[in-house]
Amino acid sequence: MTSGKKKRMSMLDSLAAAGAPSPAPQTGVVTPMMTSNRALRSARDAVDSHHVWELDPASIEDGRMADRLDPADVLDLRDAIEANGQTVPILVRRAPGEDDRYLLVYGRRRLEAIRQSDKVTKVRALVTNLDDDSALRAQISENMGRRDLSFIEKALFAKDLVSSGFGNQSQVAEILTVTKSSISMAIAIADMVGPDLVRAIGAAHGIGRPRWESLGRAIDENGLDREDLIGIAKEARENAETSMVVDDVASTNDPSIQAFLAVEKAVTKAIKPAKSPSPAPPSSVPLKIGGKRGGTVKRTAKGLSIELTGGDFADWVETQVHDMIEDLHERWKQRSED
């Protein structure tokens, strides 16, 4: 076997081994990640003579389940391919019943980058013979080997896998090499936030499970209008993208993070408890004595107060007030008994 062929044959082996831990020391036990990467090894074994083909990007269809929320974000990759060439081939399979047509297995960003390029007209690809299920497993294994899928991208991908009938939560958990409880929680969070709102926000790298869960619970438990929130997310993304171009702001101003923050702020504002109404001002009634105003009767939440205008009468009342109140109380009791 020539060295060139050996190199091509090892290419998919390297992809399959990427991110896979070694067997446990002295035990040789195969880990879940190694088990899941068998899909990549199977894909390698099915490659047509391990030949790297140069294909017309237009001949490749991408009808796979989406695993990224920003698949069009490939400008940097396009520039790198134009400068250095496409170093890693994509993987495609032959379209059933269609000559010279292919279905993408993985390599969406590389394919899209070349489609957007005016300088690179062919995409380098390995052609494999896989059925739908094996192709999906290869896609999953390749993607899970990467470390750049955000929490919400993985959550939405897991939800789509279960919804599509690929497998139940336990089976999806095994393929993604995570626990069933984490799959259940991720899907629950995606449901609470709402898939359409998630897609409007975007990947939001750096926003982890606790904040997505808090956002989802607030939306779900308070019955907030997701359509309104989708509009807020889209507007925030557009503003951030415009700022990146017009104002040349730092690339850390991730539009999807700005969209998440805008939605989070809107949700917090919507569920903030309204301020208690200010207490009504005390009720105050003028007190007339001998046909003239001689004081004020004021009713408050705490009780009743009588204020007399200063003078001889006020001085006398002060000395008699206890007897007067007792007399008034007796009269009130007799009236109540009657």
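Where does Q86 lie, relative to α4 and β3? I opened the predicted model with this in mind and found Q86 in the loop that runs between α4 (75-84) and β3 (90-94).

**Entry 1: Q86 and its surroundings**

I checked the accessibility of Q86 next, and because its relative value is 9%, below the 20% cut-off, I note the residue as buried. I then looked for polar partners of its side chain and found two backbone atoms: the oxygen of V88 lies 3.1 Å from a polar atom of that side chain, and the nitrogen of R124 lies 2.8 Å from a polar atom of the side chain of Q86. Setting aside neighbours within four places in sequence, I listed I81, I114, K122, V123 and R124 as the residues in contact with Q86.

**Entry 2: α4 against α5**

Two residues on that list led me to a pair of helices, since I81 in α4 and I114 in α5 also take part where these helices meet. I wrote down the full set as L77, R78 and I81 from α4, facing R109, R110, A113 and I114 from α5. The axes of α4 and helix α5 (residues 108-115) come within 8 Å and cross at roughly 70 degrees, and as this angle falls in the range from 65 to 115 degrees, I record the two helices as roughly perpendicular.

Following the chain beyond α5, I reached Q116, which is found in the loop between α5 and β5 (123-128). With a relative accessibility of 27%, Q116 counts as partly exposed. I also looked up its separation from V74, 42 residues away along the chain, and the C-alpha atoms of the two are 8.7 Å apart.

**Entry 3: aromatic pairs**

How many aromatic pairs does the structure hold? I found two. In one of them, the ring centres of W212 and F260 are 4.8 Å apart and the planes stand at 65 degrees, which is over 60 degrees, so I entered the pair as edge-to-face. W212 belongs to helix α11 (residues 209-221) and F260 to helix α13 (residues 255-271), so this pair ties together parts of the chain that are 48 residues apart in sequence. Both W212 and F260 are buried.

The other pair, F313 with W316, is stacked, with 6.4 Å from centre to centre and 25 degrees between the planes. Because F313 and W316 are three residues apart in helix α14 (residues 312-337), about one helical turn separates them. I checked their accessibility as well: F313 is partly exposed at a relative accessible area of 44%, and W316 is partly exposed at 47%.

**Entry 4: A204**

I looked up A204 for its backbone, and its phi is positive, about 50 degrees, although the residue is not a glycine. Most residues other than glycine have a negative phi. A204 sits in the loop between α10 (195-201) and α11, and at 0% relative accessibility I count A204 as buried.

**Entry 5: the whole chain**

I closed with the totals for the chain, which has 14 helices and eight strands. Of its 338 residues, 35% count as buried. Among contacts with a separation of 6 or more, 67% are between residues 24 or more positions apart. The accessible surface comes to about 20400 Å², and 51% of this belongs to carbon and sulfur atoms.

Methods:
Residues numbered from 1 in each chain as written. Predicted model: local features only at pLDDT ≥ 70, side-chain atom pairs only at ≥ 80, totals over all residues. Heavy atoms only, no water. Helix = DSSP H or I, 4+ residues; strand = E, 2+ residues; numbered from the N terminus. Buried < 20%, exposed > 50% of the residue type's maximum accessible area, 1.4 Å probe, protein only. Polar contact = N/O pair within 3.5 Å; in protein donor to acceptor, adjacent residues only side chain to side chain. Contact = heavy atoms within 4.5 Å. Phe/Tyr/Trp six-rings, centres within 6.5 Å; stacked < 30°, edge-to-face > 60°. Areas by Shrake-Rupley, 256 points an atom, 1.4 Å probe, with all protein chains shown as cover. Axes fitted to C-alpha atoms, helices over the stretch in contact; angles between N-to-C directions. Parallel < 35°, antiparallel > 145°, perpendicular 65-115°, else oblique.
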